[in-house]
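Q: Could you take me through this structure? I would like to begin with the ligand.

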Amino acid sequence: MQGLMMGTQLLISTLIEHAGRHTGDTEIVSRRVEGDLHRTTWREVQMRSKQLANALLAMGVRPGDRVATIAWNGYRHLELYYAVSGIGAVLHTINPRLHSDQIAWIVNHAEDRHVFFDITFLAIAQGVASRCPTVASWVQMSAREHMPADSVGVEPLCYEELLAAASSRYVWPSFDENTASSLCYTSGTTGNPKGVLYSHRSSVLHAFGAAMPDAMGVSAADSVLPVVPMFHVNAWGIPYTAALVGCKLVLPGPALDGRSLYELFENEKVTFSAGVPTVWLGLINYMKQNGLAFSSFRKTVIGGSACPPAMIRTLNDDFGVEVIHAWGMSEMSPLGTTCKLANKHLSLPRDRQTRILERQGHVIYGVDMKIVDPDGKDLPWDGAAFGDLLVRGPWVMREYFKGDGGDPLVVDDDGLAWFPTGDVGNIDADGYLQITDRSKDVIKSGGEWIGSIDLENIAMAHPDVAMAAVIAIPHPKWDERPLLVVVKKPGSTVGKDELLAHYEGKIAKWWTPDDVVFVDAIPLGATGKMLKARLRESFRDHRLPTA
Ligand code: AMP
């Protein structure tokens with residue numbers, strides 16, 4: 001027997017309709033690549049998304065076509081989020097920090113029909129256009145006065161002119177909620193990038209999940225500034241969640257330095273933010289150097305790589321900002337776990353609570369997880385046993401775009417299909433996950449595993465350390481041993497012995513790194529993560545003193 005409820009499909013267009021109709025005058029503020037600050041509202045974004053939908057249809061975009069963006073966080077990018085998916089086409093967000101060869105490869109693999117780019121990325125468009133035969137048109141996201149005089153290689157259309165010529169009368173079509181809505185390529189450190197193809201259903205359910213109190217916990221009372229780019233897993237779904245709850249949205253454009261961010265946080269009374277650990281370093285440094293405080297900022301999600309406990313402490317104790325440590329991946333839309341205390345934790349002493357909050361957290365309804373041994377057998381949730389982390393749920397990927405990436409799922413003894421995350425972790429008795437490593441970064445010493453994240457977190461707690469990475473170095477006796485790679489804070493004279501002494505009493509002695517090297521910078525990938533594969537390559541011939 002079927003239920004007798006309306007079969008309204010969970011479509012991304014329902015989010016912008018909701019925000020436009022019910023929180024229409026709530027502001028959306030964008031720092032534009034043109035340099036100024038732009039103000040609009042959910043109602044206006046709703047209207048302009050419809051104009052853009054008509055413009056896209058006039059350009060010949062059909063359901064299923066891929067329409068790409070190379071753009072910062074801004075209102076025009078937001079309009080593309082809603083218009084492209086809204087008409088049934090697929091929004092392909094491209095990471096501009098990738099090498100042009102990778103961008104060309106991705107555009108060709110996705111068979112993008114149209115590419116929309118910010119003024120600052122004209123050179124990228126010019127650099128790849130001749131290698132992208134599927135692209136029928138390139139559109140610069142600006143008004144006529146900012147169009148390039150010299151557009152060698154591409155003859156871009158003008159975004160504002162396309163909109164001006166289009167009607168704002170449009171009724172979003174209804175179609176199956178499992179239709180593809182957007183596409184994002186994971187920047188694997190080896191092999192070709194792989195496409196993750198989200199659906200309307202997965203995106204809307206993820207937006208619900210993200211809004212929940214124990215996840216991001218955002219509401220209409222918030223002013224939300226996603227530092228995480230809209231080209232990194234849909235800015236962790238914030239453009240959708242913000243419409244769902246009808247909050248104010250503050251989009252920082254290209255200005256991600258400490259000073260620009262601080263000004264925006266203060267001027268727009270930002271209450272909530274989200275970003276990878278490395279983005280907070282610049283902001284914290286700028287504020288410390290200038291003796292500044294936040295007047296409205298209260299809460300941030302940090303994820304994408306392990307957030308060092310020292311950073312959680314600094315944001316908490318020095319700046320009054322609650323950190324929600326989160327874990328996820330592109331293949332999970334991306335949210336899997338977020339770390340908030342449960343009722344039973346409220347009576348614990350502060351240091352016990354702090355230790356819980358350093359973990360990656362508890363799953364959000366919709367995601368299930370488990371850890372397994374190398375034979376695929378379930379491991380206990382005791383906070384000690386660690387193994388490969390598997391996940392499943394309605395916003396977890398089942399297959400890469402075009403099947404390129406093989407069949408990623410594994411099926412357990414109960415016949416349930418799981419996605420192996422490639423992460424290694426433990427789960428405590430309350431269901432709180434701790435990621436100990438990416439499986440390829442684990443250090444295998446004498447048949448035992450050493451988790452590099454723990455070792456990095458300890459180094460990051462030293463006052464002279466600006467950034468730390470721990471990598472495996474081949475060892476004649478132990479197979480592999482840890483090497484600590486450190487960027488010192490400016491002016492610091494800290495040496496190897498002091499840093500190694502800093503590990504005493506904090507971990508098993510045999511986990512202590514065998515050596516320390518100081519570098520000017522640790523290479524970061526296109527989404528701000530440490531490129532450990534490249535570090536391992538650089539230090540391949542490093543001779544450990546114990547070898
Ligand atoms: P991506 O798909 O590029 O977002 O990368 C996902 C990967 O980032 C995960 O599989 C983890 O290895 C890593 N990651 C994300 N969040 C965290 C976190 N809070 N702690 C540790 N690793 C994380």
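A: The following turns discuss the ligand, a sheet and two backbone details. This is a predicted model, in which local features need pLDDT of at least 70 and side-chain atom pairs count only at pLDDT 80 or more, while totals for chains, interfaces and linings use all residues. Residues are numbered from 1 along each chain as its sequence is written, and side-chain values use heavy atoms, with hydrogens and water left out.

Q: Which residues come nearest to the ligand?

A: Ala326, Ser330, Asp423, Arg438 and Lys529 come nearest, out of 15 residues around the ligand; a residue counts as near if one of its heavy atoms lies within 4 Å.

Q: What polar contact does Ser330 make?

A: A polar side-chain atom of Ser330 is 2.7 Å from an oxygen atom of the ligand. A polar contact here is a pair of N or O atoms within 3.5 Å. For Arg438, a side-chain N or O atom lies 2.9 Å from a ligand oxygen atom.

Q: And how much of the ligand is covered by the protein?

A: On its own the ligand has 500 Å² of accessible area, and the protein covers 89% of that; the areas come from the Shrake-Rupley method with a 1.4 Å probe.

Q: Which element gives the most to the shell?

A: Strand β14 gives the most, with four residues. The elements giving two or more residues are β14 (322–328) and β21 (432–438). Strands (E, at least two residues) and helices (H or I, at least four) are DSSP runs, numbered from the N terminus.

Q: Turning to the sheet, what is the strand order?

A: The order is β7-β6-β5-β3-β4-β8-β9, in an open sheet of seven strands with mixed pairing. Two strands pair if DSSP finds at least two bridges between them.

Q: Why is one side of β7 and of β9 left without a neighbour?

A: Strands β7 (157–158) and β9 (194–199) stand at the edges and each has a single partner strand, so one side of each lacks a neighbour in the sheet.

Q: In which sense do β3 and β5 pair?

A: Strands β3 (residues 66–70) and β5 (residues 114–117) pair in the parallel sense over four bridges. The bridge partner of Thr69 in β5 is Phe116.

Q: Where is the cis peptide bond?

A: It joins Ser333 and Pro334, with omega about 10 degrees. Pro334 is in the loop between β14 and β15 (335–338).

Q: What about the phi of Trp236?

A: Trp236 has a positive phi of about 55 degrees although it is not a glycine, and it lies in helix α8 (residues 233–236).

Methods
A polar contact is a pair of N or O atoms within 3.5 Å; within protein, one must be able to donate a hydrogen and the other to accept it, and residues adjacent in sequence count only if both atoms are side-chain atoms.
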